[in-house]
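Me: Please show me the sequence and the structure. Then we can work through some questions.

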Amino acid sequence: MTPRTLPPFAALRAFEAVGRTLHFTRAAEELGVSQAAVSRQVKALEAELATTLVIRHPAGNALTPDGEVLFDSLQQGFDRIAQGIAEIRPASDRRQLTVSVAPFFSAVWLTPRLSGFFRRHPKINVRLHHAYDPPDYARDEVDLGINWGDGNWPGVVTAKFLDGSMTPVCNQRVAHRLGAEPEPQDLMRFPLCYEFQVSDWLTWYASVGTKVDTEAFRATQIDDTHALVRRAIDSDCVALIIRSVVVDLLDSGQIVQPFRQSADVGRHYFLGWPKLRRDSTETRSFRRWLLQEIAREP
């Protein structure tokens, strides 16, 4: 049998993550490496295969036809590998629960609370699958998701978990310059930033009864929650953020909420699990624990 000649596995894994997320930063967070490392791996793979796999563009990345072919093959291969590992794993190790969760929400809310779950359920292992979008339960080895969106995902049972209303935040220096009783228009003296849609800013302004010239309105998108919060802490940026995930930062004074009002933008954090999959004891236990934890929130 002729030995297989394959590119390095790390490069294939990096490209598969980029192909799935169409985002180098998100792929890097998922793999636990730097964005530069993922970019180097993909470039090395393209050089070895003498073809372009990813079209890089500030407005959004896309796969080339060759990239689509390779991505489909890799996904099928990784799925087979995962299936094989699951089949040979000892039964004692199978009480594992895989939870899909956005990286920032995982870091600031879920992970600090997990020790409480482990004390209550010491025989259940929890693996966190960091991803921004809801999982494809038909293909991904995921049992439960805590995901951001409208909750209207085909084939998924959802329950609203955490309010997604947004509010402007800034650092103490900007708050001081705004003054004790700022007007909503005063925010426009500073760079405005957002994560998801620029219309979220317009929704917030409408919620406080302020008319905005939508044609002239300008704000910068930073499509990573970690980076957006860091920008609000370190610079003069006023960031529109999901209030419920930065409560601890507000309490500590690292960021300030200059206006009490938060706007419902129609998207929240939802618990999700597949309709057609049998609900395991582990999934029910974790879901019950999550709902008890959120009920304790002020």
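**Questions on the fold**

Me: Is W153 buried or exposed?
Reply: Relative accessible area decides this: buried is under 20%, exposed is over 50%, and partly exposed lies in between (1.4 Å probe, protein chains only). W153 has a relative accessibility of 16%, so the residue counts as buried.

Me: What kind of model is this?
Reply: Residues are numbered from 1 along each chain as its sequence is written, and side-chain values use heavy atoms, leaving out hydrogens and water. Local features need pLDDT of at least 70, side-chain atom pairs count only at pLDDT 80 or more, and totals for chains, interfaces and linings use all residues, since this is a predicted model.

Me: Which residue of strand 11 does W153 touch?
Reply: W153 lies in the loop between strand 5 and strand 6. Strands (E, at least two residues) and helices (H or I, at least four) are DSSP runs, numbered from the N terminus. Contact means heavy atoms within 4.5 Å. Leaving out residues up to four places away in sequence, W153 touches P134, N147, W148, T158 and, in strand 11, F270.

Me: How many bridges join strand 6 to strand 11?
Reply: Two strands pair if DSSP finds at least two bridges between them. Strand 11 (residues 268-274) pairs with strand 5 (residues 144-149) in the antiparallel sense over five bridges, and G145 stands opposite G272. Strand 6 (residues 156-162) also runs antiparallel to strand 11, with K160 opposite F270. The number of bridges between strand 6 and strand 11 is six.

Me: How many residues of strand 11 are buried?
Reply: Strand 11 has seven residues and is mostly covered. The buried count is seven.

Me: Which strands stand at the edges of the open sheet with order 7-10-8-9?
Reply: This sheet has four strands with mixed pairing. An edge strand has a single partner, so one side of it is left without a neighbour in the sheet. The edges are strand 7 (166-169) and strand 9 (220-221).

Me: What angle does helix 8 make with strand 10?
Reply: Helix 8 (residues 225-234) packs on the sheet, touching strand 7, strand 8 and strand 10. Axes are lines fitted to C-alpha atoms, for helices over the stretch in contact, and angles run from 0 to 180 degrees between N-to-C directions. For helix 8 and strand 10 the value is about 140°.

Me: At which residue does helix 5 bend?
Reply: Helix 5 has 18 residues and reaches 24 Å from its first C-alpha to its last. That is close to the expected 26 Å, which is 1.5 Å times one less than the number of residues. A bend is the angle between axes fitted to the seven residues ending at a residue and the seven starting there. Helix 5 bends by about 50°, and P112 follows within four residues of the bend, at L110.

Me: Which side chain makes a polar contact with that of S106?
Reply: S106 is in helix 5 (residues 103-120) and is buried at 1% relative accessible area. A polar contact is a pair of N or O atoms within 3.5 Å; within protein, one must be able to donate a hydrogen and the other to accept it, and residues adjacent in sequence count only if both atoms are side-chain atoms. At 3.0 Å, the partner of S106 is H130.
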